[in-house]
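Take a walk through this structure with the sequence at hand. The path goes from the overall fold to the charged residues, then to the empty spaces and the surface.

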Amino acid sequence: MTDTVRQRPDWQTWPNLITVVRFLLIPVFIWLVVAHHSGWALVTLVVLGVSDWADGFIARRFDQGSKLGKALDPIADRLAIIAIVLSLVLVGLLPWPSVAIIVLVDAVLALLSGLWFRGDPDLDVTWTGKVRSALLFVGLPLLLFSSTSFAAGHDWVRVTALVFVWAGTIGHVVAGVQYARALATKHRAESRAR
């Protein structure tokens, strides 16, 4: 009688668990911001940012990448960014044009992805997308920090935060254009192959 090694399903990975936690933290963050618990909201936002980095690092370092993770990670990123930005606009910390730009880019990408690939184009995250996320995950916590009592009287904190946020917003547009081109290229290739 031979022993068989039970193999773990592709979706049961630490990075996927971390991504699920990110999904769960999004509504918590929104509530904390709207309830004006800036300190705890800032802690939650830092956890969101660290978890975004951690799931990718663990997936690469320990070979725990999965198709599910590849699909969920960019969705978690986009939902987190939209939720964070909208909640900061709600409490008057962030100018609404930044939100409008981010939401418009994501709406166009979701439409193209839905039309051409039924919502699952299976594309890699670009370096521009990673830099965009990093800029926003620095700028948005700084913006939140600028509303705490620790930053009172330090206007440079808000100005610095807005520079990061607008750089991230521009990066979001650039990443969106790159992703739209990749979607179109893949769609054309699949159409020719049929």
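The protein chain has six helices and zero strands. Along the sequence, the pattern reads α-α-α-α-α-α. This is a predicted model. Its C-alpha atoms fill a box of roughly 70 × 50 × 25 Å along the principal axes. The protein chain has 194 residues, and buried residues make up 39% of them.

Begin with the charged residues. The structure holds four salt bridges. Arg22 is a good place to start. Its side chain meets that of Asp52 in a salt bridge, at 3.4 Å from N to O. This pair links distant parts of the chain: Asp52 sits in helix 2, Arg22 in helix 1, and 30 residues separate them. Both Asp52 and Arg22 are buried. For Arg22, the relative accessibility is 3%. Buried means under 20% relative accessible area, so Arg22 falls in that class.

Asp55 is another partner of Arg22. The closest N and O atoms of this salt bridge are 2.5 Å apart. Asp55 lies in helix 2 and Arg22 in helix 1, so the pair ties together parts that are 33 residues apart in sequence. Asp55 counts as buried too, at 4% relative accessibility.

Now turn to helix 3. Asp73 forms a salt bridge with Arg22, and here the closest N and O atoms are 2.9 Å apart. Asp73 belongs to helix 3 and Arg22 to helix 1, so this pair ties together parts 51 residues apart in sequence. Is Asp73 buried or exposed? Asp73 is buried, with a relative accessible area of 17%. How do these contacts fit together? Salt bridges that share partners join Arg22, Asp52, Asp55, Asp73 and Asp77 into one network.

Next come the empty spaces. Rolling a probe the size of a water molecule over the atoms shows where empty space is left. The largest pocket has a volume of about 710 Å³. It is lined by 28 residues, and the closest to its centre are Asp55, Gly56, Arg60, Asp73 and Lys130. Two of these names are familiar from the salt bridges: Asp55 and Asp73. Which elements give two or more residues to the lining of the largest pocket? They are helix 1 (14-34), helix 2, helix 3 (67-90) and helix 5 (127-145). By class, the lining of this pocket has nine nonpolar, 10 polar and nine charged residues.

There is also enclosed space. A search of the whole structure finds one cavity of 30 Å³ or more. The volume of the largest cavity is about 150 Å³. Its lining has 16 residues, and those closest to the centre are Arg78, Val125, Gly129, Arg132 and Tyr179. Helix 3, helix 4 (96-117), helix 5 and helix 6 (155-193) each give two or more residues to this lining. Which helix gives the most to the lining of the largest cavity? Helix 6 does, with four residues. Sorted by class, the lining of the largest cavity divides into seven nonpolar, four polar and five charged residues. Helix 3 and helix 5 are among the elements named for the cavity, and they are also among those named for the pocket.

Finally, look at the surface. Val46, Val50, Trp53, Phe57 and Phe62 form a nonpolar patch there. Together they have about 520 Å² of accessible area. One member, Trp53, lies in helix 2, which spans residues 38-61. Trp53 is exposed, with a relative accessible area of 54%. The cut-off for exposed is over 50%, so Trp53 passes it. Helix 2 therefore carries both kinds of residue: Trp53 is exposed, while Asp55 is buried.

One more stop is the loop between helix 1 and helix 2, where His36 has its place. Phi of His36 is near 60 degrees, a positive value in a residue other than glycine. Is His36 buried or exposed? His36 is exposed, with a relative accessible area of 59%.

Look back once more at Arg22. This buried residue of helix 1 pairs with Asp52, Asp55 and Asp73.

Conventions. Residues numbered from 1 in each chain as written. Predicted model: local features only at pLDDT ≥ 70, side-chain atom pairs only at ≥ 80, totals over all residues. Heavy atoms only, no water. Patch = residues over 30% accessible without salt bridge, like charges linked within 9 Å, V, L, I, M, F, W, Y side chains within 5 Å. Areas by Shrake-Rupley, 256 points an atom, 1.4 Å probe, with all protein chains shown as cover. Buried < 20%, exposed > 50% of the residue type's maximum accessible area, 1.4 Å probe, protein only. 1 Å grid on protein atoms, 1.4 Å probe; cavity = no way out; pocket = protein on both sides within 12 Å on 5 of 7 lines; lining within 4 Å. Points joined across faces, edges and corners; volume = space filled by probe spheres on them. Nonpolar A, V, L, I, M, F, W, Y, C, P; charged D, E, K, R; others polar.
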